[in-house]
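The following exercises concern a single protein chain. Please study its sequence and structure before reading each worked solution.

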Amino acid sequence: KHQNQDLYKISRSVERKVRNYLRDHLKKTGLISTETYRQLYPNGSRIGLLYGNPKVHKQGCPIRPICSAVGTATYDLSKYLAEIISPAATNSYGTDCRDSFPFLEQL
């Protein structure tokens, strides 16, 4: 039970920081609209989940770690930013960038 309370406190702390950033740096400066602010505003978020999928095709069956961020304080903000950034992640041929250097040039 003690561990759950600690995780709850961490989740609420991150949620508070995201709310303050959205309000003070994005909404008040006019970088996002009130409607976007409401869409991105985290409420009742939880901490991310870490689980693993076994790599059955490899010897020893190692685990591939997967981190699910669905429902976290930054999930909606991440989806919003992904929509903005994704066109820069595609080159003129319509394929994904090979590395971060061309991506950064397009940003």
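A disulfide is counted here when two cysteine sulfur atoms lie within 2.5 Å of each other. In general, such a link is a covalent bond between the sulfur atoms of two cysteines. The model examined below is predicted.

**Exercise 1. Determine how many disulfides the structure has, and classify Cys61 and Cys67 by accessibility.**

Step 1. A search of the whole structure for disulfides returns zero.

Step 2. Residues under 20% relative accessible area are buried, those over 50% are exposed, and those in between are partly exposed.

Step 3. Cys61 has a relative accessible area of 34%, so this residue is partly exposed. Cys67 stands at 60% relative accessibility and therefore counts as exposed.

**Exercise 2. Describe the order of helices and strands along the chain.**

Step 1. Count the elements: the chain has four helices and two strands.

Step 2. Arrange them by sequence: the pattern reads α-α-β-β-α-α.

**Exercise 3. Identify the residues of the largest nonpolar core and the helix that gives the most to this core.**

Step 1. List the members. The largest nonpolar core consists of eight residues, namely Val18, Leu22, Leu26, Ile32, Tyr37, Leu40, Ala73 and Leu77.

Step 2. Assign them to helices. At least two residues of this core come from each of α1 and α2, the latter spanning 34-40. The most is given by α1, with three residues.

Step 3. Examine one member. When neighbours within four places in sequence are set aside, Leu77 is in contact with Leu22 and Leu40.

Step 4. Place this in a wider context. Nonpolar side chains tend to be buried together in soluble globular proteins. In this chain of 107 residues, 17% count as buried.

**Exercise 4. Locate the nonpolar surface patch and explain why Val14 counts as partly exposed.**

Step 1. The patch on the surface is formed by Leu7, Ile10, Val14 and Ile47, which together have about 280 Å² of accessible area.

Step 2. Val14 belongs to helix α1, residues 2-27. Val14 counts as partly exposed because its relative accessibility is 36%.

Step 3. For the whole chain, the accessible surface comes to about 8500 Å², and 54% of this belongs to carbon and sulfur atoms.

**Exercise 5. State where Ser78 is placed and what distance separates its C-alpha atom from that of Leu40.**

Step 1. Ser78 is found in helix α3, residues 75-85. With a relative accessible area of 41%, Ser78 is partly exposed.

Step 2. Ser78 and Leu40 are 38 residues apart along the chain, and their C-alpha atoms are separated by 9.1 Å.

Note on methods:
Residues are numbered from 1 along each chain as its sequence is written. This is a predicted model: local features need pLDDT of at least 70, side-chain atom pairs count only at pLDDT 80 or more; totals for chains, interfaces and linings use all residues. Side-chain values use heavy atoms; hydrogens and water are left out. Buried means under 20% relative accessible area, exposed over 50%, partly exposed in between (1.4 Å probe, protein chains only). Accessible areas come from the Shrake-Rupley method with a 1.4 Å probe; for residues, only the protein chains shown count as cover. Patches are made of residues with over 30% relative accessible area and no salt bridge: like charges are joined within 9 Å, nonpolar side chains (Val, Leu, Ile, Met, Phe, Trp, Tyr) within 5 Å. A salt bridge is a side-chain nitrogen of Lys or Arg within 4 Å of a carboxyl oxygen of Asp or Glu. A nonpolar core is a set of buried Ala, Val, Leu, Ile, Met, Phe, Trp, Tyr and Cys residues joined through side-chain atoms within 4.5 Å. Contact means heavy atoms within 4.5 Å.
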